[in-house]
Amino acid sequence: MRCPLAAANDASGGQPIRAAVILPFEKPSRVAIGDAGGQRAAEARLAEAVGLAASIGVTIVHSAVHPLRERRPATLLGEGQVEMTGRALKEQEVGLVVVDAALTPVQQRNLERAWGCKVIDRTGLILEIFGERARTKEGALQVELAHLEYQRTRLVRSWTHLERQRGGFGFLGGPGESQIEIDRRLIGDRIVKLKKELDQVRRTRGLHRKARERVPFPVVALVGYTNAGKSTLFNALTGAGVYAQDQLFATLDPTMRAIRLPSGRTCILSDTVGFISDLPTQLVEAFRATLEEVAAADIILHVRDIAHPDSAAQRADVLGVMEEMAEDGTLEEGWQDRLVEVLNKADLLGGIEAVSRRAPGAVPVSALTGEGLEELRRAIDTRLSAGMETIEVTVPTSDGASLAWLYQHGEVLDRRDGDEVIRLTVRLAPADRARFEDRTG
């Protein structure tokens, strides 16, 4: 099934689509206002929706906030709001409207009829972005699955072409089977096939993860709200060339690189997809690879855009997802002990000295200028060292392999060279100590 954006592109002759973004805004309740992390202002939510829409290559020519007194079952918006918006869309020659809310199939159909253009909701928009940017096989399969499951709910009375009748000989849907039933059956068959392919991909990924576990390097995972600067920070720490733009969901697939810490030990840094508020339920499964990388990490770096006006609300969204992961068993209890807050984009506030440390142990940095990165490396080192054991080791001078192994996987605090043996004081993780004892045992 073709995506709404592709269809709109064809209708526009390949020219950039003129689009509008509409935010139906409900005033927060007193309970919501009292929530930790606060409530987003309408202007900030609209700006995020405009950024999401712009990231799929459309030209935003109109945006507006429409306060909701009540949700209308037929159109969500009030009758006057629909008429007023319709006039503005006609004047601006808009071909696509993004409604930053969840629309029912009936609401979507009625708004399309009233405005005379294609309408997609927040779920449809995020599906477009994921479909465009997923690069791994699992990512592409999962996005297609999410898209089909989303579209399957929209087959009822959404588009008139689905009401056509089709004849047949019985083996392709008997006489009188409607097109909508054929489409639903084809989508169902494709969903079954996709789920089988995904199971195979996940089994393969599980084997890869077990192979990585045999390489005893600690893993440090970057998490954070989308566009917080995770990929820029990843590039700054590793020297990698991961795609990084001032753009929502610039990267979707996990990427891993080795970095060297001040103590001399090596760790693996993992860049992951950004979180976002009101993530469509169809896409929760698309985060599986990312969530598993976070769950397996020794340290979780929560990267925040400290210069963003909604930084506190974004923090609450990310931590809320992490809490849900702990509740369903994806994350083990006590994950907070592995969390380090990184207050990124300090350059926009005048440098790291100007950034107040809003949480114990938070590290202000600027991934763009490099300011604060050495302190971040030291903070990672300190956290990794906290769970390590200090042992005395005697290595024969002829055993260069064991000596190199200790330098690579541990922190050598003291070394005394003798004629036949070398005595070392080494700090090792418990797992690495067991591996070393197996090597020499």
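User: Quick one to start: which helix do Glu-374 and Arg-377 lie in, and how many residues apart are they?

Analyst: Both sit in helix H12, which covers residues 373-386. They are 3 residues apart, about one turn of the helix. Bear in mind that this is a predicted model.

User: And what do the two side chains do with each other?

Analyst: Glu-374 forms a salt bridge with Arg-377, and the closest N and O atoms are 3.5 Å apart. In general, side chains of opposite charge can pair when their charged atoms come close.

User: Is Arg-377 buried or exposed? What about Glu-374?

Analyst: Arg-377 has 15% relative accessibility, so it counts as buried. Glu-374 is partly exposed, with a relative accessible area of 47%.

User: OK. How many salt bridges does the structure hold?

Analyst: There are 19 salt bridges in the structure. One of them joins the side chains of Arg-122 and Asp-100, at 2.7 Å from N to O. Arg-122 belongs to helix H6 (residues 122-133), while Asp-100 is in the loop between strand E3 (96-99) and helix H5 (105-115), so this pair ties together parts that are 22 residues apart in sequence.

User: Are those two buried or exposed?

Analyst: Arg-122 is buried at a relative accessible area of 7%. Asp-100 also counts as buried, with 5% relative accessibility.

User: Which residue does Lys-118 form a salt bridge with?

Analyst: Its partner is Glu-112, with the closest N and O atoms 3.0 Å apart. Both Lys-118 and Glu-112 are buried.

User: Anything with several charged residues hooked together? Which residues are linked in a network of salt bridges?

Analyst: Arg-265, Asp-381, Glu-411 and Arg-427 are linked that way.

User: Switching to the surface. Which residues gather in a patch of negative charge?

Analyst: That patch brings together Glu-323, Glu-324, Glu-327 and Asp-328. Glu-323 is found in helix H11, residues 311-327.

User: How accessible is Glu-323?

Analyst: Glu-323 has a relative accessible area of 34%, so it is classed as partly exposed.

User: Now Glu-341. Where does it lie, and is it buried or exposed?

Analyst: Glu-341 lies in strand E11, residues 339-344. With a relative accessible area of 7%, Glu-341 is buried.

User: Which side chains does it touch?

Analyst: The side chain of Glu-341 has a polar contact with that of Arg-304, at 3.1 Å. Another polar contact, of 2.5 Å, joins the side chains of Glu-341 and Arg-315.

User: What else lies in strand E11?

Analyst: Asn-344 does. Asn-344 is buried, at a relative accessible area of 2%. Its C-alpha is 10.0 Å from that of His-308, and the two residues are 36 apart along the chain.

User: And Lys-345, what's its phi?

Analyst: Lys-345 has a positive phi of about 65 degrees, although it is not a glycine. Lys-345 is in the loop between E11 and strand E12 (363-364). At 16% relative accessibility, Lys-345 counts as buried.

User: Which other residue has a positive phi without being glycine?

Analyst: Leu-76 is one of these, with phi near 70 degrees. Leu-76 is found in the loop between strand E2 (59-67) and helix H4 (79-92). Its relative accessibility is 1%, so Leu-76 counts as buried.

User: Last topic, pairs that are apart in sequence. How far apart in space are Thr-226 and Phe-275?

Analyst: Their C-alpha atoms are separated by 5.3 Å, with the residues 49 apart along the chain. Thr-226 lies in the loop between strand E7 (219-224) and helix H9 (230-238). Thr-226 counts as buried, at 5% relative accessibility.

User: And Thr-266 with Tyr-407, how far apart are those?

Analyst: Thr-266 and Tyr-407 are 141 residues apart in sequence and 9.8 Å apart in space, going by C-alpha atoms. Thr-266 lies in strand E9 (residues 266-271). With a relative accessible area of 12%, Thr-266 is buried.

Note on methods
Residues are numbered from 1 along each chain as its sequence is written. This is a predicted model: local features need pLDDT of at least 70, side-chain atom pairs count only at pLDDT 80 or more; totals for chains, interfaces and linings use all residues. Side-chain values use heavy atoms; hydrogens and water are left out. Patches are made of residues with over 30% relative accessible area and no salt bridge: like charges are joined within 9 Å, nonpolar side chains (Val, Leu, Ile, Met, Phe, Trp, Tyr) within 5 Å. Accessible areas come from the Shrake-Rupley method with a 1.4 Å probe; for residues, only the protein chains shown count as cover. A salt bridge is a side-chain nitrogen of Lys or Arg within 4 Å of a carboxyl oxygen of Asp or Glu. Lys and Arg count as positive and Asp and Glu as negative; His and the chain ends are not counted. The place of a charge is taken as NZ of Lys, CZ of Arg, CG of Asp or CD of Glu. Helices (H or I, at least four residues) and strands (E, at least two) are DSSP runs, numbered from the N terminus. Buried means under 20% relative accessible area, exposed over 50%, partly exposed in between (1.4 Å probe, protein chains only). A polar contact is a pair of N or O atoms within 3.5 Å; within protein, one must be able to donate a hydrogen and the other to accept it, and residues adjacent in sequence count only if both atoms are side-chain atoms.
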